[in-house]
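Colleague: I should like to understand how this chain is folded, beginning with the terms. May we go through the structure by question and answer?

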Amino acid sequence: MAAVRYTKADWIAQVDIQTLDGGKFQGVVLIAHKSGSVSDESEHTVDTISDTPKEALDEAKALAHRILGDL
């Protein structure tokens, strides 16, 4: 389950983090159309690696806002 969920028009952004080796974290954003079509889904990862889950989640939230802003 996503840690945070945003919607804009017919789009949903689900934001979460993944734990990497070495105790680092990376934010992940899944963008999907409300229609539920798998072909409309895309996964995006934050370019930076974070030292804490909170930093990774904050980076993923920012990425989700940028992506939804472009739709």
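Modeller: Two residues are in contact, or touch, when heavy atoms of theirs lie within 4.5 Å. Please keep in mind that this is a predicted model.

Colleague: With that definition, which residues does Ser50 touch, not counting residues up to four places away in sequence?

Modeller: Ser50 is located in the loop that lies between β4 and α1. Leaving out residues up to four places away in sequence, its contacts are Lys24, Phe25, Glu55, Ala56 and Glu59.

Colleague: Is Ser50 buried or exposed?

Modeller: A residue is called buried when its relative accessible area is under 20%. For Ser50 the relative accessible area is 6%, and therefore Ser50 is buried.

Colleague: How far is the backbone nitrogen of Ala56 from a polar atom of the side chain of Ser50?

Modeller: Ala56 is among the residues that Ser50 touches, and Ala56 is also one of the buried residues of α1. From its backbone nitrogen to a polar atom of the Ser50 side chain, the distance is 3.4 Å.

Colleague: What span should helix α1 have, given its 18 residues?

Modeller: Helix α1 covers residues 53–70, and each residue is taken to add 1.5 Å. The expected span is 1.5 Å times one less than the number of residues. The C-alpha atoms at the ends of α1 are 26 Å apart, which agrees with the expected span of 26 Å.

Colleague: Where around the axis of α1 do its buried residues lie?

Modeller: The buried residues of α1 are Ala56, Leu57, Ala60, Leu63, Ala64, Ile67 and Leu68. Because they cover an arc of only 130° around the axis, they lie on the same side of α1. In general, an α-helix has 3.6 residues a turn, so residues three or four places apart point the same way.

Colleague: Against which strands do the buried residues of α1 pack?

Modeller: Two of the strands concerned, β1 and β2, run antiparallel and are joined by five bridges. The full set of strands against which the buried residues of α1 pack is β1, β2, β3 and β4.

Colleague: Which element gives the most to the largest nonpolar core?

Modeller: This core has twelve residues, including Val4, Val29, Val46 and Leu63. At least two of its residues come from each of β2, β3 and α1. With six residues, the element that gives the most is α1.

Colleague: Which residue in β2 stands opposite Val4?

Modeller: Val4 belongs to the largest nonpolar core. Among the residues that Val4 touches are Ala13, Leu57 and Lys61. The residue of β2 opposite Val4 is Val15.

Colleague: What is the phi of Ala9?

Modeller: Ala9 is placed in the loop between β1 and β2, two strands that form a hairpin with two residues between them. At 63% relative accessibility, Ala9 counts as exposed. Although Ala9 is not a glycine, its phi is positive, about 50°.

Colleague: How far does the backbone oxygen of Val46 lie from a polar atom of the side chain of Gln26?

Modeller: Gln26 is part of strand β3, and with 12% relative accessibility Gln26 counts as buried. Val46 is one of the residues that Gln26 touches. The distance from the backbone oxygen of Val46 to a polar atom of the Gln26 side chain is 2.6 Å.

Conventions: Residues are numbered from 1 along each chain as its sequence is written. This is a predicted model: local features need pLDDT of at least 70, side-chain atom pairs count only at pLDDT 80 or more; totals for chains, interfaces and linings use all residues. Side-chain values use heavy atoms; hydrogens and water are left out. Two strands pair if DSSP finds at least two bridges between them. Helices (H or I, at least four residues) and strands (E, at least two) are DSSP runs, numbered from the N terminus. Buried means under 20% relative accessible area, exposed over 50%, partly exposed in between (1.4 Å probe, protein chains only). The arc is that of the directions from the helix axis to the C-beta atoms. A polar contact is a pair of N or O atoms within 3.5 Å; within protein, one must be able to donate a hydrogen and the other to accept it, and residues adjacent in sequence count only if both atoms are side-chain atoms. A nonpolar core is a set of buried Ala, Val, Leu, Ile, Met, Phe, Trp, Tyr and Cys residues joined through side-chain atoms within 4.5 Å.
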